[in-house]
Amino acid sequence: MSAEMGVVVAAPALVAAGLVAGAGYLAVRGIGVLAGAAGDRLAERQSRGWQAADRIARAVAEHRLLHDQIARGQAQFGALITPPPALGEVPSPGGRVERAEQWAAQVDAVLAAADQRFRAEMAAARTRWVMNEVAAALDRLPKPAPVPGRPRAATAAPAPSTRVAESLRRVIGRMDGGVPPHLAELLQKRAADALAATSEDTQLLLLDDLRYSVDQANEKVRRRRATLRELTARLAGYAGPAVDDALAAISAADADPEPDMPGLGRRVDAAIAATLAPMVRDYTRQALRESLEEIGCTVEEGFEVALGRTGLAHLQRDGWDDLAVRVRSRGTDAGAFHFNMVAPADGETAEAEAVEHQWCSAVDQLLPALAERGLQVTTTHRSQEGDPEVQSVDPARYPFDRRRRDQHRRRDQRRHERELPR
């Protein structure tokens, strides 16, 4: 393989990263996941601290969904629905584990009580709504013509029988508070229509049919809520415009008759990827530096910072003198880097072939070292070694100490002077 090389290293998590090295060519591309060595370095999710963080995230997600449901209930029934409880200050996931666990347990209890109260209030408000609808419907019926000399009898909506009233409360009371408003209103209207039937048996039969429809709506809500809770919990701890947009989409999906759950999942994935990308890039650069140092290379001071800021960094090995390998970020792919041999314009490149051979041998050690750090690498192209190309660079921008080169020059000069005839 020649001294020029191109690779793309698949970084952990959702974002691919990579590198391209030296004068010849090696191209590598792969896909990585948050697992293995890199996953362990980025987050020890199985620890007690991460378990507490997960509990916090799920409590926050539960509160958000309950808050949205209560807000919709208040929009329909006003003061009949109690406002949601305040969540309070959320503990930092990196804080004391005991405090985080205690906070999560307290919030779970508060939310369970608030959810139970919300269900009871919604059932009472819906029952009241149905009875008002029945009374209004009866009031709209034609009134008998008044009889001369006989006072008009007061008309009152006939109250449902005890059996019908109990059946109504059971059916309406079992309706989940998360049933979307348009569907809840439809079911409430069907209950009012059932009570407007002329006989008790017909009323009970219609309410029994309504119970089946309510159960179907509840099951759909349970499946939706489980998915939305999971998606919301996955976003906990992340921040940014993409995350805010995804959370807004989750909130809207809770009231959407037919939400696009697969599309919502992809939106959450994209929001997490956008948030993790800088961290993954930082980890990839760190892993690259550690791997290079592990195989005996010397990297310039501030290697990771330089690679992230300007897209250029350099490495060297003992005995390379005026030769180095430049690492350059490729603009077309934020996770790809290119490696090629460079030398200062006034430098000596007579040993380029020997350096090329050493660099190609180092690459054979570099790839498994990267893999041990969770960066998956697959070779797509690798040219043959020989006839190295060396790029000339501004001597003032050459990052390594050139004193050894000057020492070699003085030594060669003295040897040459000794060999001159006298």
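This report describes the nonpolar cores, the salt bridges, the cavities and one buried glutamine of a predicted model.

**Nonpolar cores**

The largest nonpolar core comprises 29 residues, and those with the most contacts inside it are Leu288, Leu292, Phe303, Leu315, Val327, Phe339 and Trp359. At least two residues of this core are supplied by each of helix H8 (261-294), helix H9 (303-309), strand S5 (312-316), strand S6 (324-329), strand S7 (336-344) and helix H10 (352-372). Of these elements, H10 gives the largest share, with eight residues. Leu315 illustrates how these parts meet: leaving aside residues up to four places away in sequence, Leu315 touches Leu292, Cys297, Thr298, Val299, Trp320, Ala324, Val325, Val327, Phe339, Trp359 and Phe400. A second core, separate from the one just described, has 20 residues, including Val130, Val134, Ala184 and Leu204. As general background, nonpolar side chains in soluble globular proteins tend to be buried together.

**Salt bridges**

Across the whole structure, the search finds 18 salt bridges. In general, side chains of opposite charge can pair when their charged atoms come close. Three of the pairs are listed below with their distances.

| Salt bridge | Distance, N to O |
|---|---|
| Glu200 and Arg163 | 3.2 Å |
| Glu219 and Arg222 | 3.2 Å |
| Arg373 and Glu290 | 3.1 Å |

The side chains of Glu200 and Arg163 meet in a salt bridge. Glu200 lies in helix H6 (residues 200-235) and Arg163 in helix H4 (residues 162-173), so this pair ties together parts that are 37 residues apart in sequence. Glu200 is partly exposed, with a relative accessible area of 28%.

The partners Glu219 and Arg222, by contrast, both lie in helix H6, where they are three residues apart, or about one turn of the helix. Glu219 counts as partly exposed at 33% relative accessibility, and Arg222 likewise counts as partly exposed at 45%.

For the third pair, the side chains of Arg373 and Glu290 meet in a salt bridge. Arg373 lies in the loop between H10 and strand S8 (376-377), whereas Glu290 lies in helix H8, so the pair ties together parts that are 83 residues apart in sequence. Arg373 has a relative accessible area of 9% and is buried, because the cut-off for a buried residue is under 20%. Elsewhere, salt bridges that share partners join Asp115, Arg119, Asp176 and Arg225 into one network.

**Cavities**

The search of the whole structure finds two cavities of 30 Å³ or more, and the largest has a volume of about 70 Å³. The lining of the largest cavity is formed by Gln69, Arg72, Gly73, Gln76, Phe118, Met122, Arg126, Gly177, Val179, Pro180, Pro181 and Ala184. Helix H2 (48-77), helix H3 (97-139) and helix H5 (181-195) are the elements that give two or more residues to this lining, and the largest share, four residues, comes from H2. Sorted by class, the lining has six nonpolar, four polar and two charged residues. Ala184 appears in this lining and is also among the residues of the second core.

**A buried glutamine in H6**

Is Gln203 of helix H6 buried or exposed? Gln203 lies in helix H6 and is buried, with a relative accessible area of 10%. Not counting residues up to four places away in sequence, Gln203 touches Val164, Ala194, Leu195 and Ala197.

Technical notes: Residues numbered from 1 in each chain as written. Predicted model: local features only at pLDDT ≥ 70, side-chain atom pairs only at ≥ 80, totals over all residues. Heavy atoms only, no water. Core = buried A, V, L, I, M, F, W, Y, C linked by side-chain atoms within 4.5 Å. Buried < 20%, exposed > 50% of the residue type's maximum accessible area, 1.4 Å probe, protein only. Contact = heavy atoms within 4.5 Å. Salt bridge = Lys/Arg side-chain N within 4 Å of Asp/Glu carboxyl O. 1 Å grid on protein atoms, 1.4 Å probe; cavity = no way out; pocket = protein on both sides within 12 Å on 5 of 7 lines; lining within 4 Å. Points joined across faces, edges and corners; volume = space filled by probe spheres on them. Nonpolar A, V, L, I, M, F, W, Y, C, P; charged D, E, K, R; others polar.
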